[in-house]
Amino acid sequence: MAEFEPKIVAFVCNWCTYAGADLTGTSRIKYASNVRIVRFPCTGRIDYMLLIKAFDEGTDGIIVSGCHPNDCHYTSGNFHARRRWIMFRSLCDFMGIDIRRIKFSWVSAAEGAKWANIVNSTVTAVRELGPYDEYKKVAKKPVKEVIHG
Amino acid sequence: MDELRKRAKELLEAGTVKVVIGYENGTAGRTRALFAEEPKAAEKLIFDSRCIMNLASYITKAEVKAKGKMAIAATLPVMRAIIQLASEFQVSDNNLLVLGITPESTMIEFKDIAEVEAFVHKYEIEIEAKYSEKLEKLNKMTPSERWNFWIEELSPCFKCYACRAACPMCYCHKCTVEFNQPQWIPVPSHDLGNLEWHMMRAIHLAGRCVDCDACYNACPLGIPLNLLTKRMLIDAKEHFGGYQPSIKADHLMSTYKPDDKDNFIM
Ligand code: SF4
Ligand code: SF4
Ligand code: FES
């Protein structure tokens, strides 16, 4: 069997991390291709429900990233987001969701190299953890039940 | 509670309020909500240790509000819920009069919600020892054990939403579980739907749940869903200085401090 290739979904804000990831590309820095980037106006818009849905859809790891504190395009979206991340992460942990699979970071528009590092280190970490079977087992069931009765 | 009955009767007679919400005897030795609109009905008011439902869940209902000014017999958790609801602009002094029932079972009539707040803030929200022990036990488990614990505990949930109906903070006209374009929470009672429903519920109550246990008491299957909100309360204490409902302070989860501490953001 081929080596396990983790699927990673990254939820990033438009103004810093997305631009940062763009810079990674234009600087021709190579990094793992396992990541699918979803762009949001701001980290303040990244509802935790969306993160959970990513696990439903079979992702093995998640990255959430935005502007550094004090750099948010909307002044305080990332401060609000940070509060929610603290709560959300704790709730996930309490419910037994593997929080080693959810990485949070601040990546500015100038940090192309940092973005590559974040993705690479996440892919390495998740590869070591293996596929998120525990969640997938639960997530798959409904599809069978709902569609096939 | 003669005092409460007497005052309720007076208020209805004078027309100061149109309805008094309290407890009355129900069936099978239980108590239920009483909506006294006639002075005579106030005689049915009771208060004892069986009165555990959170009556504040009624004061946001359009059909109750439509009756006119409400008075409510409010224990400590009910008062907390009232303050939180007032801070969310769901009730105000214009439509609510609070007849507080102190932990010593005496009655205090409050002039306004600010006064209720001053009284309530004398008491911290404290998690009962039996729950602290349970939470501690869960903390000691490995994530996989916790995962199995929750999948197992939540598995009987058939999404009757009695917990939601019993919760004073669950007043949204359209709850996330009712959104189906797209379907946020799967409807059938399976592990994924149950997990997502309870996660969603807990997180929407973070910084708002007053720890009244009404949700747990309402659940026909005894699912320990209040452990989730209790955990959020502990987190609020650990990270943001604790939760106390307030009409003056900012909402815990819709504010921030520039120096909120985290140890996980790369
Ligand atoms: S937890 Fe209990 S009360 Fe709430 S929806 Fe599930 S079965 Fe109903
Ligand atoms: S979640 Fe439960 S304990 Fe918290 S306010 Fe609602 S009913 Fe009370
Ligand atoms: S715009 Fe980047 S975090 Fe708000």
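# A quick tour of two chains and two ligands

Let's start at ligand 1: it has 14 residues around it, and B:Cys157, B:Cys160, B:Tyr161, B:Cys163 and B:Cys219 are the closest of them. Helix 7 (162-166) and helix 8 (191-204) of chain B are the elements that each give two or more residues to that shell. Keep in mind that this is a predicted model. From here we'll look at both ligands, then at how chain A meets chain B, then at the two domains of chain B, and finally at a few local details.

**Around the ligands**

- The shell around ligand 1 is made up of twelve nonpolar residues, one polar residue and one charged residue.
- One of the closest residues to ligand 1, B:Tyr161, sits in the loop between helix 6 (143-154) and helix 7 of chain B.
- B:Tyr161 also has a phi near 60°, which is a positive value in a residue that isn't glycine. For background, most residues other than glycine have a negative phi.
- Ligand 2 has its own set of neighbours in chain B: B:Cys167, B:Arg201, B:Leu205, B:Cys209, B:Val210, B:Asp211, B:Cys212, B:Asp213, B:Ala214, B:Cys215 and B:Thr229.
- Sorted by class, the shell around ligand 2 has seven nonpolar residues, one polar and three charged.

**Where chain A meets chain B**

- Chain A brings 40 residues to the contact, and chain B brings 49 residues.
- Together the two chains bury about 4200 Å², with 70% of that on carbon and sulfur atoms.
- Three salt bridges turn up across the interface of chain A and chain B.
- In one salt bridge, the side chains of A:Lys53 and B:Glu196 come together at 2.9 Å, N to O.
- There are also 15 residue pairs in polar contact between chain A and chain B, counting pairs where both residues are at pLDDT 80 or more.
- On the chain A side, two or more residues each come from helix 2 (48-56), helix 3 (77-94), strand 4 (102-106), helix 4 (112-129) and helix 5 (133-148).
- Helix 3 of chain A supplies the largest share of the side that touches chain B, at 15 residues.
- If you sort that side of chain A by class, you get 22 nonpolar, six polar and twelve charged residues.

**The two domains of chain B**

- Chain B splits into domain 1 (2-120) and domain 2 (129-254).
- Taken over C-alpha atoms, the centres of domain 1 and domain 2 of chain B are 26 Å apart.
- The contact between these domains of chain B uses 19 residues of domain 1 and 19 residues of domain 2.
- About 1600 Å² is buried between domain 1 and domain 2 of chain B, and carbon and sulfur atoms give 60% of it.
- Three residues stand out here: B:Gln84, B:Glu88 and B:Glu117 supply 30% of the area that domain 1 of chain B buries against domain 2, more than any other three residues.
- Two salt bridges are counted between domain 1 and domain 2 of chain B.
- B:Glu88 appears again in a salt bridge of its own, with its side chain meeting that of B:Arg208 at 2.8 Å, N to O.
- Between domain 1 and domain 2 of chain B there are six residue pairs in polar contact, both residues being at pLDDT 80 or more.
- Helix 3 (76-87) and helix 4 (113-120) of chain B are the elements that give two or more residues to the side of domain 1 that touches domain 2.
- Helix 3 of chain B gives the most to that side of domain 1, with eight residues.
- That side of domain 1 of chain B has ten nonpolar, six polar and three charged residues.

**Local details**

- Over all chains, a search of the whole structure finds 26 salt bridges.
- One salt bridge joins the side chains of B:Glu10 and B:Arg7, at 2.7 Å, N to O.
- B:Glu10 and B:Arg7 both belong to helix 1 (residues 2-14) of chain B and are three residues apart, about one turn of the helix.
- Between B:Gln181 and B:Pro182 the peptide bond is cis, with omega near 5°. As a rule, most peptide bonds are trans.
- You'll find B:Pro182 in the loop between helix 7 and helix 8 of chain B, and those two helices are the ones that give two or more residues to the shell around ligand 1.

Definitions and conventions:
Residues are numbered from 1 along each chain as its sequence is written. Chains are lettered from A and ligands numbered from 1 in the order in which they are written. Side-chain values use heavy atoms; hydrogens and water are left out. A residue is near a molecule or strand if one of its heavy atoms lies within 4 Å of it. Ala, Val, Leu, Ile, Met, Phe, Trp, Tyr, Cys and Pro count as nonpolar, Asp, Glu, Lys and Arg as charged, and the others, Gly among them, as polar. Contact means heavy atoms within 4.5 Å. Buried area is the accessible area (1.4 Å probe) that two parts lose on being put together, summed over both. A salt bridge is a side-chain nitrogen of Lys or Arg within 4 Å of a carboxyl oxygen of Asp or Glu. A polar contact is a pair of N or O atoms within 3.5 Å; within protein, one must be able to donate a hydrogen and the other to accept it, and residues adjacent in sequence count only if both atoms are side-chain atoms. Helices (H or I, at least four residues) and strands (E, at least two) are DSSP runs, numbered from the N terminus. Domain bounds come from an automatic or database domain assignment.
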